[in-house]
Amino acid sequence: MIALARRYRDYVWPYRRALGLGAAMTLLAVGCSLAQPLPMRYIFDDILRADVTPAHANLRLGMAVAALVAMIGLGALVDYWATRLLSGSGLNIANDLRVA
């Protein structure tokens, strides 16, 4: 495994920033997808109780929905760019290997 890594190190090295950023963005996308149930928990546990006044419930519900939409949007955007960076780097590495 180490010999294989040494063999392809020169081909991967020029794309290290894109690969590192793509990996970090992938972890951020996973974090966004793991955090998505939190606003739903807040809606069911805190907003849909009988002792909450309707005016406060509407405001809280709107904020929880906005947070959920923001998490989904951020996760989708980060996932798109991570996929784009990683696949582009992979294609460039494969092209460099073919040329060599």
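In which helix is the place of Thr-83? In this predicted model, Thr-83 lies in helix α4, the helix that spans residues 54–99, and the legends below begin with that residue.

**Close-up 1. Thr-83 in helix α4 and its link to the backbone of Asp-79.** The side chain of Thr-83 reaches the backbone oxygen of Asp-79 at a distance of 2.9 Å. With a relative accessible area of 44%, Thr-83 is partly exposed, a class that falls between the limits of 20% and 50%. Although Thr-83 and Met-25 are 58 residues apart in sequence, their C-alpha atoms are 8.9 Å apart in space.

**Close-up 2. The salt bridge between Arg-41 and Asp-45.** The salt-bridge count for the model comes to 1, and a salt bridge joins Arg-41 to Asp-45, with 3.5 Å between the closest N and O atoms. That distance satisfies the cut-off of 4 Å between a side-chain nitrogen of Lys or Arg and a carboxyl oxygen of Asp or Glu. Both residues belong to helix α3 (residues 37–47), and because they are 4 residues apart there, about one helical turn separates Arg-41 from Asp-45. Arg-41 is partly exposed at a relative accessible area of 43%, and Asp-45 is likewise partly exposed, with a value of 42%.

**Close-up 3. The packing of helix α2 against helix α3.** Helix α2, which covers residues 16–35, packs with α3 at an angle of about 15°, and the two axes are 5 Å apart. Since angles under 35 degrees count as roughly parallel, α2 and α3 are therefore described as roughly parallel to each other. On the α2 side the contact involves Ser-33, Leu-34 and Ala-35, which meet Pro-37, Leu-38 and Pro-39 of α3. Sorted by class, this contact between α2 and α3 has 5 nonpolar residues and 1 polar residue, with no charged residues.

**Close-up 4. The crossing of helix α1 and helix α4.** The axes of α1 (residues 2–12) and α4 come within 9 Å of each other and cross at roughly 110°. Because the range from 65 to 115 degrees counts as roughly perpendicular, α1 and α4 are assigned to that arrangement. Tyr-8, Tyr-11 and Val-12 are the residues of α1 that meet Ile-93, Asp-96 and Leu-97 of α4. By class, the contact of α1 with α4 comprises 5 nonpolar residues and 1 charged residue, and no polar residues.

**Close-up 5. Leu-97 of helix α4 and its contacts.** When residues up to four places away in sequence are not counted, Leu-97 touches Tyr-8 and Tyr-11. Leu-97 counts as partly exposed, its relative accessibility being 33%. Between the C-alpha atoms of Leu-97 and Val-78 there are 28 Å in space, for a separation of 19 residues in sequence.

**Close-up 6. Ser-89, a buried residue of helix α4.** Ser-89 is found in α4 and has a relative accessible area of 4%, so that the residue is buried by the limit of under 20%. With its neighbours within four places in sequence left aside, Ser-89 is in contact with Tyr-15, Ala-18 and Leu-19.

**Close-up 7. Gly-20 in helix α2.** Gly-20 has its place in α2 and is partly exposed, with a relative accessible area of 39%. From Gly-20 to Arg-84, the C-alpha to C-alpha distance is 13 Å, while the two residues are 64 residues apart in sequence.

Definitions and conventions
Residues are numbered from 1 along each chain as its sequence is written. This is a predicted model: local features need pLDDT of at least 70, side-chain atom pairs count only at pLDDT 80 or more; totals for chains, interfaces and linings use all residues. Side-chain values use heavy atoms; hydrogens and water are left out. Helices (H or I, at least four residues) and strands (E, at least two) are DSSP runs, numbered from the N terminus. Buried means under 20% relative accessible area, exposed over 50%, partly exposed in between (1.4 Å probe, protein chains only). A polar contact is a pair of N or O atoms within 3.5 Å; within protein, one must be able to donate a hydrogen and the other to accept it, and residues adjacent in sequence count only if both atoms are side-chain atoms. Axes are lines fitted to C-alpha atoms, for helices over the stretch in contact, and angles run from 0 to 180 degrees between N-to-C directions. Angles under 35 degrees count as roughly parallel, over 145 as roughly antiparallel, 65 to 115 as roughly perpendicular and the rest as oblique. Contact means heavy atoms within 4.5 Å. Ala, Val, Leu, Ile, Met, Phe, Trp, Tyr, Cys and Pro count as nonpolar, Asp, Glu, Lys and Arg as charged, and the others, Gly among them, as polar.
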